[in-house]
Structure formats: C-alpha cells, structure tokens
Number of protein chains: 2
Amino acid sequence: MSETGPALTPEPPYYAVIFSSEHTGEHAGEYAAVAELMFRLASEQPGYLGVERAGGDDLNITVSYWRDETSIRAWREHLEHTVARERGRSDWYSSYTLRVARVERVSTFTRPDRP
Amino acid sequence: MSETGPALTPEPPYYAVIFSSEHTGEHAGEYAAVAELMFRLASEQPGYLGVERAGGDDLNITVSYWRDETSIRAWREHLEHTVARERGRSDWYSSYTLRVARVERVSTFTRPDRP
C-alpha cells in the first residue's frame, strides 16, 4: 500500500468512501495521532484495498477503497473507529461530507521516462 | 458552488470523478492557470454538480460531481479540456488515476455552534 501516491486497486467494480472534511484546528496533535492509528487499523480490515489522502488549508480529502459494502459496514462498526468518530464530531471537524460510491471504471497514467 | 468546503450536491444517485495525481513540478505556473480555467469551464457544463479539491506535497485529489455519465462524457470530449489533458500527460503529471464512481449514499455533519 502506498500512502503517498494514487492507490493501487484491483479491477472495478469496488467501492470508494470519499470523506471531505474541514477541521476546527483544535486538538490538532491528538487528531493527527488518532488519524494515523485509524489509517493503520483500516488497512488491517478485511476488504480494505487502499487509501488516498490530500490536505490543504481549506479542505482535507481522504478516499478509502473497499471490496464491497460489507467491508465498509464492518469498518464503520469497528469499536475504536466508532470512538474516534465521536471525538471527530465533538472536537476535530467543523464539517464533513462522506459519500459511498461504486467505482465503475478506472484509467491510469504513468509518465514514461524521457531521455 | 463552494471550492473550499465539501461540495453541496443533490440527493444521490449521481456520479463522482475521483482524480488523484502526482505532479512533476515542471511548468507549475502554467499548470495552475490552466487548472483554474478548467475548473471554471467544468462548472459551466450541463450536469456539473460541484467539485472538491485538496493538494499536498505528495498527492493532489480532485473530486468532481456530475448528474450522470452523459455529462461526464461530454466534459471529457470538450475541446479545451482535451487539449489541457494532453498537456497534462506531456508536462504536468508524473502519474494519475481517474476513477468514475456512482455515489449511492451520503452523510453530512456540520458542527453546531457552541456557547
């Protein structure tokens, strides 16, 4: 799994969870530590396929990829994840939108080496 | 349309185009100018619902939302967009993955004001 480039995922169909969030900026150190723990835990769940993360001053986007809806639901009900989400709503996020989407087709590009 | 927070989209189903890219860093000023033009042009297309953008040192993620596959296809075939994509592959992107996904369900959170 690469956490710095586009995720390497299998042939579609599979599922994407698009999580777009604005942060309060409060408890930022604690948020960062819990976020890293959640990324590690997620990556150990059945059906996890990969993650992509990008953050700016305004908006953070995390897209996680999953084999099917069952694996998404199991991760949503994971105890530590549930506790972390509650903290997110009370302290870390000023707003978020979470979308569950079925990936239907994919195209990729890798720049060829040039002489 | 907000370009700084989660996009305000209608009830699903609709479509998401998840574009995750790594940049060469070459021609960065020109890239930024063309990207802004493309965001403006996209927002004027039939079926466009909104966009979310986040960028970091490693990975940029842009998610654009569309009413249906027809509107995605029309934007893909738009002349100026096609020209810009060619420039992207020759100069701006070291790699990218583009995923077309059908959004099936959404949940949102807005932090209540606290006293």
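**A sheet shared by two chains**

In chain A, β2(A) and β3(A) form a hairpin, with four residues between the two strands. The model that shows this hairpin is predicted. The pairing of β2(A) with β3(A) is antiparallel and extends over seven bridges. Two of the residue pairs in this ladder can be named: Tyr48(A) has Trp66(A) in β3(A) as its bridge partner, and Gly50(A) has Tyr65(A) in β3(A) as its partner.

The strand β3(A) also pairs with β1(A), again in the antiparallel sense and over seven bridges. Here the bridge partner of Phe19(A) is Thr62(A) of β3(A). As to burial, β3(A) is mostly covered, and seven of its seven residues are buried. In a regular strand, side chains alternate between the two faces of the sheet. In β3(A), both faces are covered. One side carries Asn60(A), Thr62(A), Ser64(A) and Trp66(A), the other Ile61(A), Val63(A) and Tyr65(A), and all of these are buried.

The hairpin belongs to a wider arrangement that runs through both chains. Eight strands form an open sheet, in the order β2(A)-β3(A)-β1(A)-β4(A)-β4(B)-β1(B)-β3(B)-β2(B), with antiparallel pairing. At its edges stand β2 (48-55) of chain A and β2 of chain B, each of which pairs on one side only. Between neighbouring strands of this sheet, the turn is 25 degrees on average when direction is ignored.

The chains meet within the sheet at β4(A) and β4(B), which pair in the antiparallel sense over 15 bridges. At this junction, Thr110(A) stands opposite Ser95(B) of β4(B).

How many residues does each chain bring to the contact? Chain B gives 37 residues and chain A gives 37 residues. On the side of chain B that touches chain A, the elements giving two or more residues are β1, β2 (48-55), β3 and β4 of chain B. The most comes from β4(B), with 18 residues. By character, the residues on this side of chain B comprise 15 nonpolar, twelve polar and ten charged ones.

The relation between the chains can be stated as an operation. Two copies of a chain are related by a rotation about an axis and a shift along it. Chain B is superposed on chain A by a rotation of 180 degrees with 0.0 Å of shift along the axis, at an RMSD of 0.0 Å. The two copies are therefore related as by a two-fold rotation axis. The same surface serves both copies, and 100% of the contact residues of chain B recur in chain A.

The packing of nonpolar residues likewise draws on both chains. The largest nonpolar core has 39 residues, among which Tyr15(A), Ala16(A), Ala101(A), Tyr15(B), Ala16(B) and Ala101(B) touch the most other members. At least two residues of this core come from each of β1 (14-23), β3 (60-66) and β4 (93-110) of chain A, and from each of β1 (14-23), β3 (60-66), α2 (69-76) and β4 (93-110) of chain B.

Tyr15(A) shows how one such residue is surrounded. Leaving aside residues up to four places away in sequence, Tyr15(A) touches Tyr65(A), Trp66(A), Asp68(A), Glu69(A) and Ile72(A), together with Val100(A), Ala101(A), Arg102(A) and Val103(A). Of these neighbours, Tyr65(A) and Trp66(A) are the bridge partners of Gly50(A) and Tyr48(A) respectively.

Definitions and conventions. Residues are numbered from 1 along each chain as its sequence is written. Chains are lettered from A and ligands numbered from 1 in the order in which they are written. This is a predicted model: local features need pLDDT of at least 70, side-chain atom pairs count only at pLDDT 80 or more; totals for chains, interfaces and linings use all residues. Copies are superposed by least squares on the C-alpha atoms of residues with pLDDT of at least 70 in both. Two residues are in contact if their C-beta atoms, placed from the backbone, lie within 7 Å. A nonpolar core is a set of buried Ala, Val, Leu, Ile, Met, Phe, Trp, Tyr and Cys residues joined through C-beta atoms within 7 Å. A residue is buried if 20 or more other C-beta atoms lie within 10 Å of its own, exposed if 12 or fewer, and partly exposed in between; C-beta atoms are placed from the backbone. Ala, Val, Leu, Ile, Met, Phe, Trp, Tyr, Cys and Pro count as nonpolar, Asp, Glu, Lys and Arg as charged, and the others, Gly among them, as polar. Two strands pair if DSSP finds at least two bridges between them. Axes are lines fitted to C-alpha atoms, for helices over the stretch in contact, and angles run from 0 to 180 degrees between N-to-C directions.
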